Amino acid sequence: MFSKFESIMNRFFMPLAHKVDNQPHLSAIKAGMVAMTPFTILGSFFAIIPALPNMIGLKNPISQFILGNADLLNLPVKLSIGLIGLYACMCIAYQLGNHYKLYIPGCVTLSTFSFLFIAASFTKDGALEFTNLGAKGLFAGMIASICSVELYHFCKAKNLTVRMPEGVPDFVSKSFELIPTTIIVGGTFIFARFLSLELTGQLPPDLLTKLLAPLVGSMDNPWAVLGLNFAICTIFFFGIHSSVFGPITRPIMVTFIAENIAAMQAGKELPHFYTAGASSAFFGFTGAGITMGCVVACMISKSKRYRKIGQVALFPSLFGINEPILFGAPIILNPIMFIPFVFGGAIIGTLPMFFMSWGWISKPIFDPPYVGVFLEGFLTNGDWRSIAANLLQFVLAVVVYIPFFKVMEKAELQEENKSVEASKDIFNADDKEVLDGLDLDF
């Protein structure tokens, strides 16, 4: 049965996954959203600072400095998380323009120009508002970047450009080349803004937010996240990296962490649990599939080979790197390990997110970089119960993996014993006959 399932995965799903992973627009979105990581880390870090006076008291120099410079310390949040939609638009345009070998400054400026046409809103005094340039405008920024670069690519292919004479510096000719493209792109997005306001009375970011609400809102349900994590573990088991889900999950994670930070600053209840930090700290605890259970089983094994694999895999696993155990045990494409890796990994990896949804653990406000297990979970929300949840995951992973590992260990010990017995007998039959014919006293 497993062979048939593997055959189906290799025949149908793997080619589809590779096509999705190599599709230029989805690849650009995935790479562009990964580029947002420094901004989310910076924004979430500075969002925590205003809460420090409540933690350490008001009557000390640190708290007084924070309270006296609240506007300054809030600026990194506004200029990172508050403009995440604009930054994502620029980064996606860069990635897609690079794929088409276009003039990169032109791609970035055109996409920014396009996004502002459909997202910009103004106060009564004429000042630009940030409302649609942050998480709310993220999906509009993705669409604007892709459409503007595609229009640029079309104009380039159809020679809708201004050609400068030879001898003109390249940067000058590139700029003049963009004039017709800029007119076409600008006209297209002005019309899109006009059409959206006339038909719906809303700007495109507001309209997209409503249209995508069911998709985005579904990830506030831990059962939906469990289904997603089960799919990730399944394709990972067959050697397909989970990054194929990146174009779908990354924008939602960025939106959720931005909305959590905004809610925290406003003194409101945090709305979301599904963020990049929470996913890495809990679903990725010691690596996809929670493979620390297999590492521990290897380290206490009677088999010399497995003990060595466990020792090698231990340290990387503490930082979420589990390739040594995935390919050393192996776990990947090993029928014995399918149940603990796929079912166990998905359920144990999602369990703390159920706790967050039920209010047992605080929801995340920070997407920390890789800092190792236990500490990463604590940094996502500053809640010591995250460490307890990781400890529970650790225990459950060991309990789930050991029974299946014992099946592998039994077969390995039989092979090792055969090897030992064979090594004891270094003489073949002819050698023994010769030795028996000799009258040797040793």
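Here is a quick look at the fold, the nonpolar cores and a surface patch of this protein.

First things first: this is a predicted model. The protein is built with 22 helices and zero strands. Of its 442 residues, buried ones make up 45%. Contacts reach well along the chain, too: if you take those between residues at least 6 apart in sequence, 72% join residues at least 24 apart.

Some whole-protein values, side by side:

| Property | Value |
|---|---|
| Buried share of the 442 residues | 45% |
| Accessible surface | about 22,600 Å² |
| Share of accessible surface from carbon and sulfur atoms | 68% |

Now for the inside. The largest nonpolar core counts 94 residues, and the ones with the most contacts inside it are F115, Y274, C294, I325, I331 and F341. Take F341 as an example: leaving aside residues up to four places away in sequence, F341 touches C233, F236, F237, A288, G289, T291, L326, I331, A346 and Y401. So I331 turns up both as a partner of F341 and on the list of residues with the most contacts in that core. Apart from this core lies another one, of five residues, including I290, I348, V373 and A397.

On the outside, L72, L75, L79 and F130 form a nonpolar patch, and together they offer about 360 Å² of accessible area. F130 sits in the loop between α8 (104-119) and α9 (138-157). Is F130 buried or partly exposed? F130 counts as partly exposed because its relative accessible area is 38%, and that category runs from 20% to 50%.

Definitions and conventions:
Residues are numbered from 1 along each chain as its sequence is written. This is a predicted model: local features need pLDDT of at least 70, side-chain atom pairs count only at pLDDT 80 or more; totals for chains, interfaces and linings use all residues. Side-chain values use heavy atoms; hydrogens and water are left out. A nonpolar core is a set of buried Ala, Val, Leu, Ile, Met, Phe, Trp, Tyr and Cys residues joined through side-chain atoms within 4.5 Å. Buried means under 20% relative accessible area, exposed over 50%, partly exposed in between (1.4 Å probe, protein chains only). Contact means heavy atoms within 4.5 Å. Patches are made of residues with over 30% relative accessible area and no salt bridge: like charges are joined within 9 Å, nonpolar side chains (Val, Leu, Ile, Met, Phe, Trp, Tyr) within 5 Å. Accessible areas come from the Shrake-Rupley method with a 1.4 Å probe; for residues, only the protein chains shown count as cover. A salt bridge is a side-chain nitrogen of Lys or Arg within 4 Å of a carboxyl oxygen of Asp or Glu. Helices (H or I, at least four residues) and strands (E, at least two) are DSSP runs, numbered from the N terminus.
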